[in-house]
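Me: I'd like to learn how to read a structure like this one, feature by feature. Could you walk me through it?

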Amino acid sequence: MKDFKGRIAVITGAGTGIGRGLAGHLTSMGCHVAICDVMTESMVETRRICEETAPAGTVITTHECDVADESQVIDFCEAVKDQHQTNHINLLFNNAGIGGGASFVLGERAEWERTFGIDWFGVYYCTRAFMLLLLNSSEGHIINTSSVNGFWACMGPAVTHTAYSTAKFAVKGFSESLLVDLRMNAPHVNVSVVMPGHIGTSIIANTHKILDTNLPADMTSEELVTRREWLEKQEIPTEDISDDDIRDLIQQNMDDFTNNAPLSGEEAAGIILDGVRNKQWRILVGDDAHRLDQMVRENPENAYDTSFLDNFQIELGKE
Ligand SMILES: NC(=O)c1ccc[n+]([C@@H]2O[C@H](COP(=O)([O-])OP(=O)(O)OC[C@H]3O[C@@H](n4cnc5c(N)ncnc54)[C@H](O)[C@@H]3O)[C@@H](O)[C@H]2O)c1
């Protein structure tokens with residue numbers, strides 16, 4: 001799909017970050033969009049931003065929908081048909097996602113399943129619900145957001161990310177198998193799997209809100225025990241560090257994630273749309289993602305060793 005003008009796009013999780021970036025780029029080119037999110041205020045702000053640059057006549061609708069709840073996804077699809085007066089869509093961006101569910105061994109089952117539910121079942125339910133509308137289009141494209149955690153299942157050898165990685169591997173496997181299915185049975189519909197590296201968004205703060213867990217400033221001493229244990233495992237003594245200093249440290253990491261990333265959500269969205277225009281089925285976003293992909297392929301056996309992360313950081317420093 002070379003031109004997005006006059007097309008209809010559905011974007012999940014467009015309240016902030018990459019989804020907001022996609023909505024902004026698409027509407028500025030005259031693409032009609034239906035966006036969903038669980039955070040209504042953020043979604044309304046996305047619409048306001050889009051309206052500033054969208055040409056007259058561009059339809060922008062907002063929908064409250066939890067993508068992990070199939071009945072809400074079906075209602076969302078019905079609302080899109082009704083409000084856009086359409087029986088087709090051209091683009092489905094399965095973008096909504098959260099972090100969480102870090103350790104399978106130590107974490108709570110409810111958090112693990114909520115993370116997996118959004119990151120995998122969200123993609124599955126939306127693709128099921130919107131498939132007929134994509135098949136009804138003259139040209140369609142499904143864009144599923146996985147992650148570098150779709151081919152590398154941690155954030156480093158000492159940082160667990162089990163629910164997220166499991167879901168993102170599933171999204172990648174689903175997209176690749178769908179690619180073959182669509183080529184055989186619906187060649188007018190394409191699929192891409194998006195694998196971003198580090199993008200500066202509010203995903204960590206949003207994850208706390210959605211999982212209803214405390215932000216660093218509100219973390220109790222009890223909650224900080226596991227953080228202390230983790231620091232001790234990294235051979236960082238914590239007996240002289242106060243709870244408040246640990247809270248500040250966690251907050252600093254969160255702020256660095258958002259503010260010191262190589263790419264913004266808007267820039268990531270631009271790269272994703274270029275990939276769609278070029279019919280790329282694998283869309284790696286960022287130099288870090290390209291490098292990691294190459295390194296895991298070159299030496300998969302070593303991917304979860306400390307030396308792998310050290311080499312990755314050395315390689316990134318060269319770029
Ligand atoms: N930021 C990164 O470094 C990074 C890296 C790799 C992959 N990703 C993926 O990119 C996608 C977008 O993330 P982002 O970084 O822009 O984060 P973000 O938090 O800024 O955006 C995600 C949006 O999804 C929404 N959302 C969460 N759960 C939802 C649900 N159940 N139903 C509907 N909406 C829901 C959030 O409210 C938020 O608006 C996610 O799938 C994420 O896993 C991000």
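Reply: Happily! Let's begin with burial: a residue counts as buried if 20 or more other C-beta atoms lie within 10 Å of its own, as exposed if 12 or fewer do, and as partly exposed in between. Keep in mind that this is a predicted model.

Me: Is Asp 212 buried or exposed by that rule?

Reply: Asp 212 has 8 C-beta neighbours inside 10 Å, so it counts as exposed. You will find Asp 212 in the loop between α6 and α7 (221-233).

Me: What should I look for in its backbone angles?

Reply: The general idea is that most residues other than glycine have a negative phi. Asp 212 is not a glycine, yet its phi is positive, about 55°. Gln 85 also has a positive phi, near 45°, and it is a residue other than glycine.

Me: Where does Gln 85 lie, and why does it count as exposed?

Reply: Gln 85 sits in the loop between α3 (70-83) and β4 (91-94). It counts as exposed because only 7 C-beta neighbours fall inside 10 Å.

Me: Which residue shows the class in between, partly exposed?

Reply: Try Glu 70, in helix α3. Glu 70 has 16 other C-beta atoms within 10 Å, so it is partly exposed. Glu 70 also shows how sequence and space can part ways: Tyr 125 is 55 residues from it in sequence, with a C-alpha to C-alpha separation of 5.8 Å.

Me: How do I read the interior?

Reply: In soluble globular proteins, nonpolar side chains tend to be buried together. Here the largest nonpolar core has 69 residues, and Ala 9, Val 10, Ile 89, Leu 92, Ile 272 and Val 285 have the most contacts inside it. Helix α4 gives the most to this core, with 10 residues. For a local view, take Ile 89: beyond its neighbours within four places in sequence, its contacts include Ile 8, Val 80, Phe 130 and Leu 134.

Me: How many residues of strand β1 are buried?

Reply: Five of five, in residues 8-12. Check each face in turn: Ile 8, Val 10 and Thr 12 are buried on one side, and Ala 9 and Ile 11 are buried on the other. Strand β5 (residues 140-145) has six of six residues buried, so it is largely enclosed by the rest of the structure.

Me: And how do the strands fit together?

Reply: Look at direction and bridges. β1 pairs with β2 in the parallel sense over five bridges, with Thr 12 opposite Cys 36. β1 also runs parallel to β4, joined by three bridges, and there Ile 11 stands opposite Phe 93. Four bridges join the parallel strands β4 and β5, where Leu 92 has Ile 142 as its bridge partner. β5 then pairs in parallel with β6 (residues 189-196) over six bridges.

Me: Which helix carries the chain from β5 to β6?

Reply: Helix α5 (residues 162-185) does, in a right-handed β-α-β crossover. β1, α1 and β2 form a right-handed unit, and so do β4, α4 and β5.

Me: Last one: which residues are closest to the ligand?

Reply: Gly 13, Gly 15, Gly 17, Gly 97 and Thr 201 are the closest of the 33 residues around the ligand. Elements that give two or more residues to this shell include α1 (17-28) and α4 (109-135). By class, the shell has 14 nonpolar, 17 polar and two charged residues.

Notes: Residues numbered from 1 in each chain as written. Predicted model: local features only at pLDDT ≥ 70, side-chain atom pairs only at ≥ 80, totals over all residues. Near = placed C-beta within 6 Å. Nonpolar A, V, L, I, M, F, W, Y, C, P; charged D, E, K, R; others polar. Core = buried A, V, L, I, M, F, W, Y, C linked by C-beta atoms within 7 Å. Contact = placed C-beta atoms within 7 Å. Pairing = 2+ DSSP bridges. Right-handed = clockwise from strand over helix to strand, strands pointing away.
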